Structure formats: structure tokens, C-alpha cells
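Student: I should like to take a close look at a single part of this chain. Please describe one of its sheets in detail, and then explain what lies around it.

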Amino acid sequence: MSVPPNHTAAAERATFQAVRPVLLALAGIAVFALAGCDREKSPASQPSSGALPGTSAPPPPSLSTNRPAGDAPPGMVWIPGGEFVMGGPALDSAVQQRAAAHPGEPVCSGLVAGFPDAQPAHRVRVGGFWMDITEVTNAEFERFVRATGYITIAERKPTAEQYPGADPEMLVPGSAVFTPPDEPVTLSNPLEWWSYVPGANWRHPLGPQSTIEGLENTPVVHVCHDDALAFCKWAGKRLPTEAEWEFAARGGMAQAEYAWGAEFRPGGRWMANSFQGHFPIQDTAEDGFRGIAPIRSFPPNGYGLYDMAGNVWEWCSDWYRPDIYGPRASAGVTLAPAGPTDSFDPDEPGVAKRVQRGGSFLCSDQYCARFRIGTRGKGAPDTGSTHVGFRCVKSP
Ligand SMILES: [Ca+2]
Ligand SMILES: [Cu+2]
């Protein structure tokens, strides 16, 4: 996400996105999964994270845009596919001017820098597919867990073998919870507002005392990429590729600033669940929701999809690298890209990450702004948090 524009080179090098292993190793430090809510860095030298499990050549892409006859699968809508301009979120001149005029004021560095990992805009073609109309809810995830007995990663006890060097006391099941500080903090250290909470998981989103009772229609959270894949398998679905996700989010509009058009609040209306007020200490909830919102709380986009911006981050199937768009741009139209075969995140070299999209209820123009369409997030596959969920797609 963002840091003050005048922050130092040292801060630039600091890790902003600790993940589960790091967290556990840090013993006592509560962290993490900022899921794209960190600053970007310019893609410079980019080694890969090495061999990645589960990476194999994807099947040849289908570019068919023919909608199969018959009814849509329950809860899904047909996304027609086609050619579109991917990435290239615009620089925000108002934000840049504000940042220049008030060098001490925190502002989303992504907005100032123009989201370098999402540049440049380039042409992509994807085939048609079915997509979940909403993010997967607690009720749906519960059905999956009842049917399969699946235990999410956050519910499993991490072992010393998995996390060598970790403080044994930290080797307890848990997950990252947004815990806002009481007083203003610099935006350079996400540890100020993320805590590793033992006992936090999808059934207990804020910790052991919390419950999902009454939250049946709220997106499930604390699901990591591995958990999402297990759900997809059970449901006979899959995660979207990053290109499919963005095609769908654009709702048929070419190169709009937001999933719903050019303006953040058309006619003064809130179009997505985001963060208002002073990040991270006070969310004034002007959009009606402090924290997560039930599905369908905001208007759908052009394809009838809800929450393609804000609310919770959504896992995609692609590995994350910040440097993939450049080569594509010079290659003409990229056909149904499934992402790179390795991962690299300059913010956390050595930790392989998957792409996340859409931003969350914690995104604000002050700190992250990943509700802007075309921007990208990332997270380690074993790491969920209070603001990471998913939705599935299905090939025809
Ligand atoms: Ca909100
Ligand atoms: Cu954000």
C-alpha cells in the first residue's frame, strides 16, 4: 500500500508484507498478509523464487466466446470473453499534486507512482467462462466443509519442520487480523495494524470469541490460496486467471478507471466497500460498512458481478511477478495468459506469491487504492487474512 512520499530508502527496502512463515519466525510479532496493500517498487532486477510446487504447463487456452446453451450454473453468470486492454491504471494527477504540495501527508504511493506492476496497458484475449456472481460466502464455505471435512490452513497447527527457527509458542493455529491502533501511525509499518491472532480462522474471523453467526451471506475470509483450490475442486470449478478476472471486472467497459465507470462516486453514490477516514485508525464507514459487507450490498457491474472492487481481495490462479506486462505489450495480443511459471515479489524476495485482485474494505485513496481497476495484489499461497476471500469460475 502506501507510505509517505518522503519515506527513506531504508523504508523502501523494508518488508511490507510478512507472511505466515515470516510471521511465525518473528515470534510475538503480529503481522501481515497485506495482500497488495503495500507499496510497489519499480521492477528492477527480478530473480525468481525458484521451483514452485504445482506449476505445470497450462492446457492450451480456449478462446471460444460461445455461450453454452441452457441455464447458467447456479450462482454464476456468463462472461463472454473477447479482446480487451489489460492493466495500465491511470496516474491520478489530483493525488500527485496533493502529494507534491503536502510532502508529509500520507498518500497511496501506488497512485503517485502509477502502479508500476500493472503497467503498461496491453491487449489480451480471453475465452468465455462462467463466473460466480458473488464472492464465496460463509454459508457456501460451510457446505463445503460439512461435505468434505476440510480443515483450512489457519486451523492447522504449524509445525517446526514447516517453519524452522520459529518460536514454539508461535506455532499455534491462527491468522492475521486487522487490529487498528488507537493513535495515528506512520504508514510504513503494517505491523502497526495487523496481528497474528491465535484461533482466528474462517469460523472466527476476529479471533476465538468471534463468530460467523448472522454472517452467512458475508464473504468467507481467512481462506488461503490452498483452501480456495480445495473448495474449487469440490465445487467442480476453478480460480480465475488474472486476465479472466480483470476482463470480468471491467464489465464490458473499455479502460475505465473503476469497475463501474470513470467516477469513484457517480452521483455521490458509493459503488464499493472501501475505507473512509484516517487509515488505519478510524474507518468512518461513510459507505455504510466498517469492515466486511454482505454480498450484494453495492451495485453489480456491467456483467452482473458484485464486489469486483473492494470488500475482500480475491485469489487468482496466476503466480505473481511485477514485470510480466512489458513483454506482453510488445508481443501484440496475448492469448488467454495464465501467468508466469515462477514468482517474484521485490517486497519479499524468496516468498512465492499468487495474484489477488480487487482490493478490500481496507483500501482507501490514502493508503492502497487497489479498488482501482487494473491494479494488482499478491499473497503467499498459505496465507489468508481478515480481508482475503475468493470467487470461482468454470470453463464451458
Ligand atoms: Ca467501508
Ligand atoms: Cu488495499
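Tutor: In this predicted model, four strands form an open sheet with mixed pairing, and their order is β10-β9-β7-β11. Two of these strands, β10 (377-379) and β11 (388-389), stand at the edges; each has a single partner strand, so one side of each is left without a neighbour in the sheet. Strands of a sheet pair through backbone hydrogen bonds, which may be parallel or antiparallel in arrangement. For strand β9 (residues 354-357) and β10 the sense is antiparallel, and the pairing extends over three bridges. Within this pair, Arg-354 has Gly-379 of β10 as its bridge partner.

Strand β7 (313-319) leads to the next region, as the loop between α7 and β7 holds Arg-296. Is Arg-296 buried or exposed? Arg-296 has 12 C-beta neighbours inside 10 Å, and therefore counts as exposed. Beyond its neighbours within four places in sequence, Arg-296 is in contact with Thr-134 and Tyr-306. The C-alpha atoms of Arg-296 and Thr-134 are 7.3 Å apart in space, although 162 residues separate the two in sequence. For the chain, residues 24 or more positions apart account for 78% of the contacts with a separation of 6 or more.

At the other end of that loop is helix α7 (residues 242-249). Why can α7 be described as largely enclosed by the rest of the structure? The reason is that eight of its eight residues are buried. Among them are the charged-name positions Glu-242, Glu-244 and Glu-246, together with Trp-245 and Phe-247. Just after the helix, Gly-251 takes a positive phi of about 60°.

Helix α7 also belongs to the account of the nonpolar interior. The largest nonpolar core has 79 residues, and Val-223, Ala-228, Leu-239 and Ala-248 have the most contacts inside it. Helix α7 gives the most to this core, with five residues. Ala-248 is one of the buried residues of α7. Ala-228, for its part, touches Val-223, Leu-239, Trp-315 and Phe-390, when residues up to four places away in sequence are not counted. Of these, Trp-315 lies within the residue range of β7, which brings the description back to the sheet of four strands.

Other strands may be set beside this sheet. A further open sheet has three strands in the order β1-β4-β12, with antiparallel pairing. Here β1 (76-79) and β12 (393-394) stand at the edges with a single partner strand each, so one side of each is left without a neighbour in the sheet. Four bridges join β1 to strand β4 (residues 129-132), and Val-77 stands opposite Met-131 in β4. Strands β5 (residues 174-178) and β6 also pair in the antiparallel sense, over five bridges, with Gly-174 opposite Pro-198 in β6. Strand β6 (residues 194-198) is mostly covered, as four of its five residues are buried.

Finally, the confidence of the prediction must be considered. The mean pLDDT of the chain is 85, and 85% of its residues reach 70 or more. Over residues 1-19, however, the pLDDT is below 50, and over residues 25-46 it stays under 50. Where pLDDT is low, the predicted coordinates should not be read in detail.

Note on methods. Residues numbered from 1 in each chain as written. Chains lettered and ligands numbered in written order. Predicted model: local features only at pLDDT ≥ 70, side-chain atom pairs only at ≥ 80, totals over all residues. pLDDT = per-residue confidence, 0-100. Contact = placed C-beta atoms within 7 Å. Buried ≥ 20, exposed ≤ 12 C-beta atoms within 10 Å, placed from the backbone. Helix = DSSP H or I, 4+ residues; strand = E, 2+ residues; numbered from the N terminus. Pairing = 2+ DSSP bridges. Core = buried A, V, L, I, M, F, W, Y, C linked by C-beta atoms within 7 Å.
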